[in-house]
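Please look over the sequence and the structure below before reading on. The report that follows takes up the interior, the strands and helices, the open and closed spaces, and some points of the backbone.

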Amino acid sequence: MKAITLAEYGGPENMAWTEVPDPEPGPGEVVIDVVASAVNRADLLQVQGNYPVPPGASEIVGLECSGRIAVLGDGVTGWSVGDEVCALLAGGGYAQKVAVPAVQLLPIPDGVSLEDAGGLPEVACTVRSNVFMEGRLAEGETFLVQGGSSGIGTHAIQVAKASGARVAATAGTPDRLQVCRDLGADIVIDYHDDVAEELKKATDGHGADVILDNMGAKALANNLSALARDGRLMIIGMQGGVKAELNIGALLAKRGHIAAMGLRGRPVTGPHSKAEIVEQVREHVWPLFGAGKVRPVVFERFSMADAADAHRRLAEGGVVGKLLLLNPEA
């Protein structure tokens with residue numbers, strides 16, 4: 001099979017579409033003939049050498065895919081060869097075949113094409129685990145997503161709105177703010193402004209009960225200011241740096257909760273595992289697609305052989321939703 005390999009860490013110029021050995025399924029795993037994968041910011045970090053591969057995971061980049069089951073490993077039940085699926089991966093998505101634990105498989109949601117499903121597992125599992133499982137977003141609460149036009153953001157707006165929350169989203173240009181509105185955001189804020197101040201104005205001083213943040217250090221102080229009493233700040237990214245000063249007095253006064261949770265390094269099964277999250281997505285999120293309340297947002301499609309160009313495109317900024325990588329021989 002062919003896959004994207006790295007000559008060395010650095011930039012997209014080190015990515016090449018080359019022949020590699022086919023993967024073999026271990027016990028409890030399946031091999032998928034990949035139709036599509038998608039580009040995530042974590043992939044850019046991995047290519048740069050700043051996102052280590054978890055022990056035992058494929059060195060090939062790619063955290064999600066869609067395709068058809070080609071081989072069942074020992075002990076796999078509930079799935080058959082030929083089933084159309086999408087999957088959350090610890091690595092290996094930028095390839096024509098990938099081995100994945102069967103507990104990380106999802107059926108294709110109703111109303112979604114096999115191709116478009118390649119960009120769903122990572123965002124769906126990230127949002128479900130952070131906003132709902134840990135963040136406990138409830139009907140009637142106010143939810144703020146930073147970077148509302150991103151892959152994570154476009155999905156988060158839709159599922160939060162479908163849950164009955166009041167949704168606020170940030171973006172950096174009028175057209176991307178309009179995208180957030182069109183997806184269901186009740187409040188849109190230019191992130192060049194004082195986000196906390198604008199959110200308080202729009203919510204009569206209440207702020208956000210749950211915040212999903214991709215910036216990290218740079219946004220910490222403003223996010224704390226934007227947080228409602230008993231609010232939950234969920235940090236999923238470090239685009240704004242990794243170190244910041246925390247005003248513990250302000251956090252105490254708000255009875256605030258701050259959590260930073262990754263997805264890739266979780267165990268496959270057991271407490272806090274990928275299997276738990278995937279099952280939650282299947283039960284709570286997938287029906288929203290069939291009901292027409294949530295849809296994939298795809299910005300552009302690339303041949304998987306041109307993954308380097310897709311990485312450059314994401315790094316440029318301005319991408320709305322996801323960039324898909326399509327197996328040229330699927």
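## Nonpolar cores

This is a predicted model, and its interior is a useful place to begin. The largest nonpolar core holds 51 residues, and within this core F143, L212 and W286 touch the most other members. Helix 8, which spans residues 274-290, gives the largest share of this core, namely seven residues. Apart from the largest core lies another one, made of 36 residues that include I4, V47, A102 and L314.

The surroundings of L212 can be followed in some detail. Once residues up to four places away in sequence are set aside, L212 touches V127, N130, V131, F143, L144, V145, Q146, I152, A156, M234 and I236. F143 is thus one of the residues that L212 touches, and F143 and L212 are both named among the core members that touch the most others.

## Strand pairing

Strand 3 (residues 29-39) and strand 4 (residues 64-72) run antiparallel and are joined by seven bridges. One position in this pairing is that of A36, whose bridge partner in strand 4 is S66.

Strand 4 also pairs with strand 5 (residues 84-88), again in the antiparallel sense, over five bridges. Here E64 stands opposite L88, a residue of strand 5. Strand 4 therefore has bridges to strand 3 on the one hand and to strand 5 on the other, where two strands count as paired if there are at least two bridges between them.

## Helix 9 and its surroundings

Helix 9 covers residues 307-316, and its buried residues are A307, A308, A310, H311, R313 and L314. In an α-helix there are 3.6 residues a turn, so residues three or four places apart point the same way. The buried residues of helix 9 pack against strand 1 (2-6), strand 2 (15-19), strand 3, helix 1 (41-48), strand 14 (298-303) and strand 15 (322-326).

L314, a buried residue of helix 9, is also a member of the core of 36 residues. After helix 9 comes G317, which has a positive phi near 90 degrees.

## C180 and S149

C180 is placed in helix 4, residues 174-183. Is C180 buried or exposed? Its relative accessible area is 0%, which is under the 20% limit, so C180 counts as buried. Leaving aside neighbours within four places in sequence, C180 is in contact with G148, S149, I157, A169, T170, A171, A185 and V188. By contrast, the C-alpha atoms of C180 and V81 are 39 Å apart in space, and the two residues are separated by 99 places in sequence.

S149, one of the contacts of C180, lies in the loop between strand 8 (142-145) and helix 3. With a relative accessible area of 7%, S149 is likewise buried. Apart from neighbours within four places in sequence, S149 is in contact with T154, T170, A171, R176, C180, V319, V320 and G321. T170 and A171 thus appear among the contacts of C180 and also among those of S149.

## A pocket and a cavity

The second largest pocket has a volume of about 460 Å³. It is lined by 27 residues, of which G56, A57, S58, G91 and A99 are the closest to its centre. Strand 6 (residues 97-101) contributes five residues, the largest share of this lining, and by class the lining has 15 nonpolar, six polar and six charged residues.

How many cavities of 30 Å³ or more does the count give? The count comes to one cavity, and the largest cavity has a volume of about 80 Å³. The lining of the largest cavity consists of 13 residues, with L120, V123, P296, V297 and K322 nearest its centre. Helix 3 (residues 151-162) supplies four of these residues, the largest share, and the lining has five nonpolar, five polar and three charged residues.

## Positive phi outside glycine

Most residues other than glycine have a negative phi. D204, however, has a positive phi near 55 degrees, and its place is in the loop between helix 5 (195-202) and strand 11 (208-213). With a relative accessible area of 78%, D204 is exposed.

R255 likewise is not a glycine and has a positive phi, of about 50 degrees. This residue is in the loop between helix 7 (248-253) and strand 13 (257-260). The relative accessibility of R255 is 49%, so R255 counts as partly exposed rather than exposed, a class that begins over 50%.

Terms used
Residues numbered from 1 in each chain as written. Predicted model: local features only at pLDDT ≥ 70, side-chain atom pairs only at ≥ 80, totals over all residues. Heavy atoms only, no water. Helix = DSSP H or I, 4+ residues; strand = E, 2+ residues; numbered from the N terminus. Buried < 20%, exposed > 50% of the residue type's maximum accessible area, 1.4 Å probe, protein only. 1 Å grid on protein atoms, 1.4 Å probe; cavity = no way out; pocket = protein on both sides within 12 Å on 5 of 7 lines; lining within 4 Å. Points joined across faces, edges and corners; volume = space filled by probe spheres on them. Nonpolar A, V, L, I, M, F, W, Y, C, P; charged D, E, K, R; others polar. Core = buried A, V, L, I, M, F, W, Y, C linked by side-chain atoms within 4.5 Å. Contact = heavy atoms within 4.5 Å.
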